[in-house]
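Here is a short tutorial for anyone who wants to practise reading ligand sites. Have the sequence and the 3D view ready.

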Amino acid sequence: MQSEAPTSSPRHVAIIMDGNGRWAEARGLPRTAGHRAGVERVREAVRTAAEAGIDYLTLFAFSSENWRRPEEEVSDLMGLLRFFIRKDLAELHRENVRVKVIGCRQSIQPDIRALLIDAEDRTRDNTGITLVIAFNYGARDELVRAARKIVQDVQSGVLDAAAIDEAAVSARVDTAGIPDPDVVIRTSGEQRLSNFLLWQAAYSEFVFLPCLWPDFDRAAFHEALAEYAGRERRFGAVSAPGIAVGS
Ligand code: IPE
Ligand code: IPE
Ligand code: MG
């Protein structure tokens, strides 16, 4: 039993990387320029998180609703993901980063699917930080897919319907095996989840920052971590000196 809630050092940080478009528009540039600048910050964020001793960093890269954007922007975002995996995977692997991808694998281009599977396979045995890339990810879609898996497992006799509990659901969402995020950070000033990690963020702390994602540098990341460190997590219990809270 711990005597203090382990608030100061998050094990899992999840980030909604928002504001690329506004960053570009403020400079009179096309939105795609914002996405390009955003990729640089992805590299920096992975390094900063690893240095800070964070075990899991989840980045919301493309939502299941982002297909609603103009075709040109969607195709640019797909191109950037291809570019990032091709260019950065070797270095991530050298730095002992384990890559994991969450989101729906259907309806994405086959070459991207192959790149993502390769990134996971090549880095599977790495022991450093786990970079979780949320791509074509939407929490409601994830929960629907989890519900389908539960039904299949009940029908095939793997799971007893009466034994369905929270652990059974957690084992069938895309993040199975990954601890829940301690903190969800969102840049760009928007204060909403936009269908991100609805199941997993039940007790996460939220840090909303006004800065746009292409401005999210090392200092901004540390600022967010400091804000998290000042929070008191209760998990439904009461706080009192010497009484453990936290999971
Ligand atoms: C986040 O930036 C990147 C993705 C959603 C892929 P946005 O493109 O949403 O930027 P804003 O919110 O329009 O400024
Ligand atoms: C959330 O940002 C998705 C990602 C960061 C990938 P959006 O920009 O898509 O969210 P909304 O539309 O403002 O809610
Ligand atoms: Mg946005």
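The dialogue below goes through the pocket and the two ligand shells.

Q: What should I know about the model and its numbering?
A: This is a predicted model, in which local features need pLDDT of at least 70, side-chain atom pairs count only at pLDDT 80 or more, and totals for chains, interfaces and linings use all residues. Residues are numbered from 1 along each chain as its sequence is written, chains are lettered from A and ligands numbered from 1 in the order in which they are written, and side-chain values use heavy atoms, with hydrogens and water left out.

Q: How do I read a pocket, and what volume does the largest pocket have?
A: On a 1 Å grid over the protein atoms alone, a pocket is an open set of points where a 1.4 Å probe fits, with protein on both sides within 12 Å along at least five of seven lines; lining residues have an atom within 4 Å of a point. Points are joined across faces, edges and corners, and the volume is the space filled by probe spheres set on them. Here the largest pocket has about 800 Å³. Its lining counts 34 residues, with M17, F60, A61, F62 and N66 nearest the centre.

Q: Which ligands sit in the largest pocket?
A: A molecule sits in a pocket if more than half of its atoms lie within 2 Å of the grid points. Ligand 1 sits in the largest pocket, and ligand 2 sits there as well.

Q: What surrounds ligand 2?
A: A residue is near a molecule if one of its heavy atoms lies within 4 Å of it. For ligand 2 the shell includes I16, M17, D18, F60, R186 and S194. Strand 2 (residues 56-63) gives the largest share, three residues; strands are DSSP runs of E, at least two residues, and helices are runs of H or I, at least four, numbered from the N terminus.

Q: How do I read polar contacts, and which side chains reach ligand 2?
A: A polar contact is a pair of N or O atoms within 3.5 Å. An oxygen atom of ligand 2 lies 2.9 Å from the N66 side chain, while D18 and R69 each offer a side-chain atom at 3.2 Å from a ligand oxygen. The protein covers 78% of the 390 Å² of accessible area that ligand 2 has on its own, by the Shrake-Rupley method with a 1.4 Å probe.

Q: What about ligand 1: which residues come nearest?
A: Of the 13 residues around ligand 1, the nearest are D18, G21, R22, R31 and R69. Side-chain N or O atoms lie 2.8 Å from a ligand oxygen for R22 and 2.9 Å for R31. The protein covers 87% of the 380 Å² that ligand 1 has on its own. Helix 1 supplies the largest share of this shell, three residues.

Key. Polar contact = N/O pair within 3.5 Å; in protein donor to acceptor, adjacent residues only side chain to side chain.
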